[in-house]
Amino acid sequence: MIELRGVSKTVESGGRPLTILHPLDLSIGSGQFLAVVGPSGSGKSTLLGLLAGLDAPSTGAILVDGVDITSLSEDGLARLRGEKIGFVFQFFHLVPSLTAFENILVPMEIARRRDAVPRARLLLDEVGLADRGHHYPSQLSGGEQQRVAIARALANDPPIVLADEPTGNLDSTTGAHIMELLLSVRRARGSTLVLVTHDAELAALADARLSLRDGRAVDPAPARRAGALP
Ligand code: ADP
Ligand code: MG
């Protein structure tokens with residue numbers, strides 16, 4: 001369960017404060033799939049960074065399973081990310097000097113899992129890359145790199161998966177396959193998913209939608225509401 005209470009973010013821009021996320025209240029239940037939509041620059045990545053504890057909010061509290069992560073130390077945040085959160089990025093963010101297999105190993109080695117090596121093999125197989133483990137990211141297509149990134153994000157079976165436009169850099173066919181994969185592994189694990197997407201069809205599959213505009217939550221379907229009036 002993730003709860004945001006009055007969470008905002010203000011940054012310095014050109015010597016002046018600029019609020020890029022206005023105070024937001026939000027509850028995301030365990031196992032829920034939340035789609036975050038909105039135009040470029042509306043604050044979607046900012047929100048995901050705050051949920052992951054990669055960035056600190058200017059105001060408010062972010063409770064993950066009852067723990068206010070804004071009060072955690074850097075070490076505490078790193079532990080939280082290692083245990084509870086898997087992150088999938090638009091540009092994959094694999095370590096270029098490590099093979100696909102080694103990229104997937106990293107989070108499990110940090111967590112000191114004894115089964116890291118056999119599990120990395122299982123994960124590679126799960127994302128359809130059993131025979132590509134020895135390849136470096138530069139030797140893989142965008143879709144294959146994102147498969148590796150998904151395996152890495154799921155390596156420690158995090159209860160929460162955050163994905164920031166994971167198909168935004170892929171052609172539509174590859175993107176559709178990647179989303180199928182992400183949704184199926186997520187279903188199998190029952191993890192909470194917060195997905196930033198531009199794809200309205202995909203957002204429609206979610207349990208809930210958050211629509212951002214200029215850093216504010218807006219009604220995701222005003223037209224439908226107005227249309228429902230007699
Ligand atoms: P989105 O992911 O919806 O495209 P972002 O969350 O990346 O939007 O950014 C929201 C807005 O905040 C953008 O206008 C962006 O330029 C601005 N922004 C983000 N981070 C900073 C920062 N550290 N300093 C100044 N402006 C920022
Ligand atoms: Mg973004």
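# Briefing: cores, sheet and pocket of a predicted model

Setting aside neighbours within four places in sequence, Met108 is in contact with Arg113, Ala116, Arg119, Ala120, Leu123, Ala155 and Asn156. The model is predicted. Met108 also belongs to the largest nonpolar core, where it ranks with Ile104, Val148, Ile150, Leu182, Leu193 and Leu195 among the members that touch the most others. The points below treat the cores, helix 3, an aromatic pair, a sheet and the largest pocket in turn.

**Nonpolar cores**

- The largest nonpolar core has 39 residues.
- At least two residues of this core come from each of strand 3 (33-37), helix 3 (100-110), helix 4 (116-126), helix 5 (142-154), strand 7 (160-164), helix 6 (172-189), strand 8 (192-196) and helix 7 (200-205).
- Another core, of 27 residues, lies apart from it and has Val64, Leu80, Phe87 and Val194 among its members.

**Helix 3**

- The buried residues in helix 3 are Ala100, Phe101, Asn103, Ile104, Leu105, Pro107 and Met108.
- Helix 4 and helix 5 are included in what covers these buried residues.
- Residues three or four places apart in an α-helix point the same way, because there are 3.6 residues a turn.
- Arg112, which follows helix 3, has a positive phi, near 55°.

**Aromatic pair**

- The count of aromatic pairs comes to one.
- This pair is formed by Phe87 and Phe89, which are stacked at 4.5 Å centre to centre with 15° between the planes.
- Phe87 has a relative accessible area of 15% and is therefore buried, the cut-off being under 20%.
- Phe89 has 26% relative accessibility, so it counts as partly exposed.

**Open sheet**

- Four strands make up an open sheet in the order 2-1-4-5, and their pairing is antiparallel.
- Strand 2 (16-28) and strand 5 (67-68) are the edge strands; each has a single partner strand, so one side of each lacks a neighbour in the sheet.
- Strand 1 (residues 2-13) runs antiparallel to strand 2, and nine bridges join them.
- Opposite Leu4 stands Leu26 of strand 2.

**Largest pocket**

- The volume of the largest pocket is about 640 Å³.
- Its lining comprises 22 residues, and those nearest the centre are Arg81, Gly82, Ile85, Pro107 and Ile110.
- Helix 2 (74-84), strand 6 (85-88), helix 3 and helix 5 each give two or more residues to this lining.
- Helix 2 gives the most, with five residues.
- Pro107 thus appears in two settings: Pro107 is buried in helix 3, and Pro107 lines the largest pocket.

How values were computed. Residues numbered from 1 in each chain as written. Chains lettered and ligands numbered in written order. Predicted model: local features only at pLDDT ≥ 70, side-chain atom pairs only at ≥ 80, totals over all residues. Heavy atoms only, no water. Core = buried A, V, L, I, M, F, W, Y, C linked by side-chain atoms within 4.5 Å. Buried < 20%, exposed > 50% of the residue type's maximum accessible area, 1.4 Å probe, protein only. Contact = heavy atoms within 4.5 Å. Phe/Tyr/Trp six-rings, centres within 6.5 Å; stacked < 30°, edge-to-face > 60°. Pairing = 2+ DSSP bridges. 1 Å grid on protein atoms, 1.4 Å probe; cavity = no way out; pocket = protein on both sides within 12 Å on 5 of 7 lines; lining within 4 Å. Points joined across faces, edges and corners; volume = space filled by probe spheres on them.
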